[in-house]
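User: I should like to understand how the terms used to describe a protein model are justified. Please take me through the reasoning step by step.

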Amino acid sequence: MKYIIKNLRYPEQARVKKIEGRVIVSFIVEKDGRVDDIKLAKSVSPDLDKEALRVISIMPKWNPGKQRGKPVRTAYAMPIAFKLPPQ
């Protein structure tokens with residue numbers, strides 16, 4: 001989550017239109033830790049969706065899931081919240 005907080009940029013168009021919400025992105029962590037097969041599981045707006053997909057696609061390698069001590073492909077769904085600060 002620290003990675004996402006550090007790298008997430010609120011899209012300017014969404015900020016101007018005051019669009020907020022929670023985008024859910026699903027993806028697979030491969031045996032070697034790469035993030036693959038990134039898809040939207042829940043959409044909010046095209047601008048927020050695009051930014052959520054961008055930040056997940058540039059994510060560094062994960063530690064893969066393990067089963068009986070061996071790395072396996074693992075499916076994840078990650079919520080990414082977009083909330084404007086109070087004004």
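Analyst: We begin with aromatic rings. Rings of Phe, Tyr and Trp (its six-membered ring) count as a pair if their centres lie within 6.5 Å. By this rule, four aromatic pairs are found in this predicted model.

User: What makes the pair of Tyr 10 and Phe 82 edge-to-face?

Analyst: The ring centres of Tyr 10 and Phe 82 are 5.6 Å apart, and the planes meet at 85°. The distance satisfies the limit of 6.5 Å, and an angle over 60 degrees counts as edge-to-face, so the pair receives that name. This pair also links distant parts of the chain: Tyr 10 is in the loop between helix H1 (2-7) and helix H2 (12-16), Phe 82 is in strand E5 (residues 74-82), and 72 residues separate them. Both residues are buried.

User: Why is the pair of Trp 62 and Tyr 76 called tilted?

Analyst: The centres of these two rings are 4.8 Å apart and the planes stand at 50°. Planes under 30 degrees apart would be stacked and those over 60 edge-to-face; 50° satisfies neither condition, and the pair is therefore tilted. Trp 62 belongs to the loop between helix H3 (46-57) and strand E3 (65-67), whereas Tyr 76 belongs to strand E5, 14 residues apart. Together with Phe 27, Trp 62 and Tyr 76 form one aromatic cluster.

User: Are Trp 62 and Tyr 76 buried, exposed or partly exposed, and how do you know?

Analyst: Buried means under 20% relative accessible area and exposed means over 50%. Trp 62 has 22%, so it counts as partly exposed. Tyr 76 has 32% and is therefore partly exposed as well.

User: Which residues have the most contacts inside the largest nonpolar core?

Analyst: They are Val 25, Phe 27, Ile 56, Met 78, Ile 80 and Phe 82, in a core of 17 residues. Strand E1 (21-29), helix H3 and strand E5 each supply at least two residues of this core. The contacts of Phe 82, not counting residues up to four places away in sequence, include Leu 8, Tyr 10, Val 23, Leu 48 and Glu 51.

User: How do you know that E1 and E2 pair, and in which sense?

Analyst: Two strands pair if at least two bridges are found between them. E1 and strand E2 (residues 35-42) have five bridges, in the antiparallel sense, and this count satisfies the requirement, so they pair. Val 29 stands opposite Val 35 in E2. The two strands form a hairpin with five residues between them, and Gly 33 in the turn has a positive phi of about 95°.

User: What makes the contact between Glu 12 and Arg 15 a salt bridge?

Analyst: A side-chain nitrogen of Lys or Arg must lie within 4 Å of a carboxyl oxygen of Asp or Glu. The closest N and O atoms of Glu 12 and Arg 15 are 3.7 Å apart, so the condition is met. Being three residues apart in helix H2, they are separated by about one helical turn. Glu 12, at 52%, is over the 50% limit and therefore exposed. Arg 15, at 35%, is partly exposed. In the whole structure, five salt bridges are found.

User: Where do Arg 73 and Glu 30 lie, and why is Glu 30 called buried?

Analyst: Arg 73 forms a salt bridge with Glu 30, with closest N and O atoms 2.8 Å apart. Arg 73 lies in the loop between strand E4 (70-72) and E5, and Glu 30 lies in the loop between E1 and E2, 43 residues apart. The relative accessibility of Glu 30 is 11%, which is under 20%, so Glu 30 is buried.

User: Why is Glu 51 called buried, and which residue does it meet in a salt bridge?

Analyst: Glu 51 has a relative accessible area of 9%; this value is under 20%, so the residue is buried. Its side chain meets that of Arg 54 in a salt bridge (2.7 Å, N to O). Both lie in helix H3, three residues apart, about one turn of the helix. Arg 54, at 25%, is partly exposed. Leaving aside neighbours within four places in sequence, Glu 51 is in contact with Asn 7, Leu 8, Arg 9, Pro 11 and Phe 82.

User: How confident is the prediction, and where is confidence lowest and highest?

Analyst: The chain averages a pLDDT of 95, and 100% of the residues score at least 70. Confidence is lowest in H1, with a mean of 92, and highest in E1, at 98.

Notes:
Residues are numbered from 1 along each chain as its sequence is written. This is a predicted model: local features need pLDDT of at least 70, side-chain atom pairs count only at pLDDT 80 or more; totals for chains, interfaces and linings use all residues. Side-chain values use heavy atoms; hydrogens and water are left out. Helices (H or I, at least four residues) and strands (E, at least two) are DSSP runs, numbered from the N terminus. Buried means under 20% relative accessible area, exposed over 50%, partly exposed in between (1.4 Å probe, protein chains only). A nonpolar core is a set of buried Ala, Val, Leu, Ile, Met, Phe, Trp, Tyr and Cys residues joined through side-chain atoms within 4.5 Å. Contact means heavy atoms within 4.5 Å. pLDDT is the predictor's confidence in each residue, from 0 to 100.
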